[in-house]
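Good morning, and thank you for making time for this short presentation. Please have the sequence and the structure in view while I speak.

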Amino acid sequence: MCKTCGCATLASYTVHSGAISPVTHHHGDHEQRQTIEVMEDLLANNDRVAAHNREHFNHHGVLAINLMSAPGSGKTSLLEATIDALKDRCRIAVIEGDLETENDAVRIRAKGVPAVQITTGQACHLDADMVHRALHQLDLSSLDLVFIENVGNLVCPASFDLGQTMNVVLLSPPEGDDKPAKYPVMFRKADLVLLAKSDLLGLLDDFDVDSAESRIRGLANPAPLLPVSARRPETLSAWLAWLAALMPGTRQVVA
Amino acid sequence: MHELGLARGLVSQAQRIAGQHDAERIDEIVVRIGALSGVETDLLARAFLAARVGSLVERAILTIEECPLEVRCAHCGWCGPVAVHSIACAVCGARNVDIVAGAELVLVRLELAQLNGIVSDNDQHERRRDTLPKPRGDNA
């Protein structure tokens, strides 16, 4: 091993596929060795806080939706259209996640619902701690539905439980119909996939909706794929019905 | 995923557990990373080299057990490995499968070293930070 370029230091980790190989150590007889079996998740801290958040939501009967997608897929626009459709029938709040700016929270507040903006700085995803702090700025006892608009990112947010009830992932036609195959961890986590900006399908005719759906099935995920357009309220009914079914109290008033 | 944040968390976790057992040093950390965990093994290993500096795990070996994605078919009962992008029973093709392994992100075990109480001058000298070997160059 080369001693000057630094590659020798990589020998201090060993990677095994399958079985474990014993690593032998050289140690003096004045030392005691101890093997501690741990079996603790690396994300145990986050999961603990997420469970706590989930208890808060459940205690107040609030449906919490973790909305994820690549940057620019249309999450905020969809939320604006959804709030327009629902705000007279259920009490909504939004937790916004972005690296910088309050732009999205400002847009949501302009629709007349409370929005808490989390600016993560460098963090590329929301975690349970950030959401927990945001929850303290909301009165859950006066809410039915909380949307958590995650940071635009198809990689990291999938791995961080926030305490949400459901995961909704957006996909838009410019991204390509093979996106679910390229980001399996994210698209496996989806309880619902929304094909946002569906009004572009006529222009982007190489986006094959059936192909996108079959790639989701290829991940053994039965989640529905629903086309929606924030610009065309009539396309939102299936999405609104999906939400209504999860909020029994408002089921009878949402079409 | 950002493996450096995970590596830092892993170092804290290992130090906490070592503290609970009054360990002087951690010689080995064994983690299990599943194919569907979102973690890149090589990146985690490199991030660990950066994260361990100045801690109880500074000279620990990180052993990573890579776990392939394994499913059990709810239709025919077959159990075995499948590719991440094509999750279905290899025997009957059913998509109705349960994940048996491959989503893990687990600290499996630690190998700790404790001194018995009789400490030689050599050992005290070794524990001083300025005599510990520094990692070479940019390992990230």
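I begin with a hairpin in chain B: strand 3 and strand 4 of chain B are joined with 5 residues between the strands, and within this hairpin Gly77(B) adopts a positive phi near 90°. Strands here are DSSP runs of E with at least two residues, numbered from the N terminus.

A word on the source. This is a predicted model, in which local features need pLDDT of at least 70 and side-chain atom pairs count only at pLDDT 80 or more, while totals for chains, interfaces and linings use all residues. Residues are numbered from 1 along each chain as its sequence is written, and chains are lettered from A and ligands numbered from 1 in the order in which they are written.

Returning to the hairpin, strand 3 of chain B, residues 70-73, pairs with strand 4 of chain B in the antiparallel sense over 3 bridges; pairing requires that DSSP find at least two bridges between the strands. Val71(B) faces Gly80(B) across this pair, and Glu70(B) stands opposite Pro81(B).

Strand 3 of chain B also pairs with strand 5 of chain B, again antiparallel, over 4 bridges. There, Glu70(B) stands opposite Ala101(B).

Taken together, the 3 strands form an open antiparallel sheet in the order 4-3-5 in chain B. Strand 4 (79-81) and strand 5 (97-101) of chain B are at the edges with a single partner strand each, so one side of each lacks a neighbour in the sheet.
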